[in-house]
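Got the viewer open? Let's take a walk through this one together, one selection at a time.

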Amino acid sequence: MNIEVRNIEKRYGSFTALGDVSHVFESGKLSALLGPSGSGKTTLLRIIAGLENADQGQVLFGCEDASHRHARYRGVGFVFQHYALFRHMTVFENIAFGLRVKARSQRPSRSEIRKKVERLLKLVQLDWLGGRMPSELPGGQRQRVALARALAVEPRLLLLDEPFGALDANVRSELRQWLRRLHDEIHVTSIFVTHDVEEALEVSDQVVVMNAGKIEQSGSPDEVYDHPASPFVYRFLGHANIFQVAGGSSLYVRPHDFDVFGEHFPGAIAAQVLGCRSVGAIGRIDLQPNNGGDPLQVETDKNSMRSMQVVEGKTLYIRPRASKQYTAAAEI
Amino acid sequence: MFRFPSCRRKVIPGFGLSLGFTLFYLGLIVIIPLAATFLKSAELDWSEFRATVGSPRVMASYRLSFGASLAAALVNGVFGFLTAWVLVRYSFPGRRIVDALVDLPFALPTAVAGIALTTIYAETGWMGQWMKEVGIKAAFSPLGIMIALIFVGLPFVVRTIQPVLEDLDAELEEVAASLGASRFKTITKVVFPSVFPALITGIALAFARGVGEYGSVVFISGNMPMKTEITPLLIITKLEQYDTAGATAIAVVMLVISFVLLLLINLLQAGYAGRRA
Amino acid sequence: MIRSHPELRRSVQDPAWVRGGAIALVLLFLGLVLFMPLIAVFREALRKGADAYWAALRNPETLDAVRLTLLAALLAVIFNAVFGLMASWAIAKFRFPGRHILISLIDLPFAVSPVVSGLVYVLLFGAQGVLGPWLQAHGFRIIFAVPGIVLATVFVTFPFIARELIPLMEAQGTDEEESAVVLGANGWQTFWRVTLPNIKWGLLYGIILCNARAMGEFGAVSVVSGHIRGQTTTVPLQVEMLYNEYNFVAAFAVASMLAILALITLVLKSVVEWCAKRKGMVAG
């Protein structure tokens, strides 16, 4: 079932949180809403869930207009940024909650609930923790409990608000791969909000980049990264070196899209080293072009940085390998 | 995440019901009766009103109520600070029990405190005997009123200062000490200024409570017009003499004073809460 | 508000004589101000032995007073608990204009002298009051009767429970309630299964404080009661009447019941504080 938002608008006083946003989230895909703070991504997620009402526009679940359907009846699973686990219930009771509050005619029997919760606990690999209280669990496990709780009601759509935002770096990357595998297993249409570019590119099938209440671009991670539709997307996805070119337009180059030479090379420009350091296997060099442009950041591998004997003050020659040109109008 | 506080939370039900009930109940129990009092006072003739609230007996009761409350609040300021300090900073056997006992004046009915204090400070009582020998009359004098108000006001001061002292950054004191400040200087220049707004708030709360206090005072005060008659008692006296107009006039003055005090205390609290955050 | 008890802070320690002196001074002060009155109540109550003590407690008028006090306190707790839950739900879970004014208005009864609290009802419902003539014509009696006592008690204990619950609910936010709704819970299910269990310690704490004040209220009740023996006399008023009749043993015997109640209140309060801390359900 596709999830579609159509011409969604949302204002808080004079502030426009979302301005005419339309997008189709494809069935069975894992989509990322990516953008900086205040770009409206969480608001959009909450509107899809029914936790917030749009001032205008529609939310469609398949062909059905769900805009006026109460959050309670939308059949979505929502994982909150800080998990929002019921703090006075055990892990088991948390997961069973959605089943227990069903109307009597639809409520599964006790043993069915037990079976289902146990199956979900196994799915999120926490089957031995059913009796614990949420406060006894580390963040990563709470996150998985929240996910199991959301899945218990067999949602048509799974929504996750900054699912890894509150976790340590190493737990984050582990959980992120686990979510990807889980999604491949259950295939429920999912949307998650993140401000972390790496996270969006690594986990999702589709990336929707948002800025200032608008969708800047959407597409597969490769499409978005390789062909940023706007200077904003380009800059947001990574460091950009900007060259002014004739005709008022600009050339954007990623730090890793330069060839770096120790000696003069045809077509390469000369630049003086302002500083250099290695980050893991990468060598990062700050350069000041001799023609007087803005300072540049260039990345190469550590070995070639070493073999070129890069030190402060040395002159290097660089040549863009790939670039993207934007007109001045697009940059505003 | 950037999000405006208003306009969200529409999903959670019960806003109309809960706010409606709150306003209804607040209106019924608090607002309408208080408004009725002001309405009733508007029926009074202005010159009569002024004559009532400015009569020598009433003025004497203001002086006594305010004077004794202020004195008691200041005593509580000193000992309340010390009590909070000792409870937060020092460990000694029974600290938890002493800490719990500080709330006794909140829990003990004022009438009980009143008759107990009267017994202790009467000329035959434990303290009264001893005080009589050095020529101090405690019960049935302004001093007795002050003692009763010290009792009821103490927890206000301690409980206002305590959380501020607990929150006070220990590093602040360590830094001061490491910079060579003496312990005395550290306390007067670092600790005391941080606690001062809370101390003033606590004293103001104790004072406000003291001005309106009745139960604990009425037994120990002796209730002599012009000498040991507090304002709340005067209201009751007027009422018992079927002088409703007089009682209303004095009550309105007290209401206005307590609202002003409440406002001041709220401003004080907002001030130091802002600074703490 | 429920207080947590952080561990002692001992990073910069004062010399032993300062500590010892300060502790001794505080204990002396608290002993004089707090402990001595408490002891005095029991000593005076038992001055003429246990028989006189029990006789005073078994007096029918005293028992009537106990009944009335229990009734007034029960009603005050129920009304103010329902109000506290409603008010804290509206104030903590929603944002609306005038919210801060509402919070201040709830605190209003704390600022009013107990005597004035009683008087406002006399001025509203009494013979000379705004509604007095109408009530009299229709045969309703509020002042110098049980309804007046209940009203005055409700007024003076009005903010106790709301004040505990508002900051607590505010600190807990709305995520759990939103979670429950998305999972399909209706309003009642959300309140009973999610919100109420989270605030139960704060609610209990507020009820304990409200109850203690309701049972002990003197000034406000004194104004509206009329001191009719066996009918409109609460326990504190009974203490006053016995005391003013120079029946000191009986007065202190009845007072000792209230003192025991106060001690029980303090113990319960500490237990609830401890439980709330253990469960991590303290505001702030």
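Start by selecting helix α12(B), which gives the largest share of the lining of the second largest pocket: 5 residues. Keep in mind as you click around that this is a predicted model.

Now show the space that the helix looks onto. How much space lies in the second largest pocket? About 1,200 Å³. Its lining counts 49 residues, and to find the centre you can select Tyr214(B), Glu240(B), Ser222(C), His227(C) and Glu240(C), which lie nearest to it. Next, colour the elements that give two or more residues to this lining: from chain B they are α6 (110-121) and α12 (231-240), and from chain C they are α1 (16-45), α5 (114-125), α6 (132-137), α11 (219-225), α12 (235-244) and α13 (248-278). Colour the lining by residue class too, and you get 26 nonpolar, 17 polar and 6 charged residues.

Next stop: the place where chain B and chain C touch. Select the residues in contact, and you'll pick up 96 from chain B and 97 from chain C. The size of an interface is often given as the accessible area lost when the parts come together. Here chain B and chain C bury about 8,600 Å² between them, with 77% of it on carbon and sulfur atoms.

How many salt bridges does the rule find across this interface? Just 1. To see it, select Asp103(B) and Lys269(C), whose closest N and O atoms are 2.4 Å apart. The interface of these two chains also has 8 residue pairs in polar contact. Then highlight helix α1 (residues 15-42) of chain B: with 18 residues, this helix makes up the largest share of the side of chain B that touches chain C. Sorted by class, that side of chain B has 63 nonpolar, 18 polar and 15 charged residues.

Now hide everything but chain B. You should see 13 helices and 0 strands. Along its principal axes, the C-alpha trace of chain B spans about 65 × 65 × 30 Å.

One last pair, still inside chain B. Over all chains the count of salt bridges comes to 40, and one to pick out is Arg159(B) with Asp99(B), at 2.9 Å from N to O. Why is this pair worth a click? Arg159(B) sits in helix α8 (residues 142-167) and Asp99(B) in helix α4 (residues 95-101), so their salt bridge ties together parts of chain B that are 60 residues apart in sequence.

How values were computed: Residues numbered from 1 in each chain as written. Chains lettered and ligands numbered in written order. Predicted model: local features only at pLDDT ≥ 70, side-chain atom pairs only at ≥ 80, totals over all residues. Heavy atoms only, no water. Contact = heavy atoms within 4.5 Å. Buried area = accessible area lost by both parts, 1.4 Å probe. Salt bridge = Lys/Arg side-chain N within 4 Å of Asp/Glu carboxyl O. Polar contact = N/O pair within 3.5 Å; in protein donor to acceptor, adjacent residues only side chain to side chain. Helix = DSSP H or I, 4+ residues; strand = E, 2+ residues; numbered from the N terminus. Nonpolar A, V, L, I, M, F, W, Y, C, P; charged D, E, K, R; others polar. 1 Å grid on protein atoms, 1.4 Å probe; cavity = no way out; pocket = protein on both sides within 12 Å on 5 of 7 lines; lining within 4 Å. Points joined across faces, edges and corners; volume = space filled by probe spheres on them.
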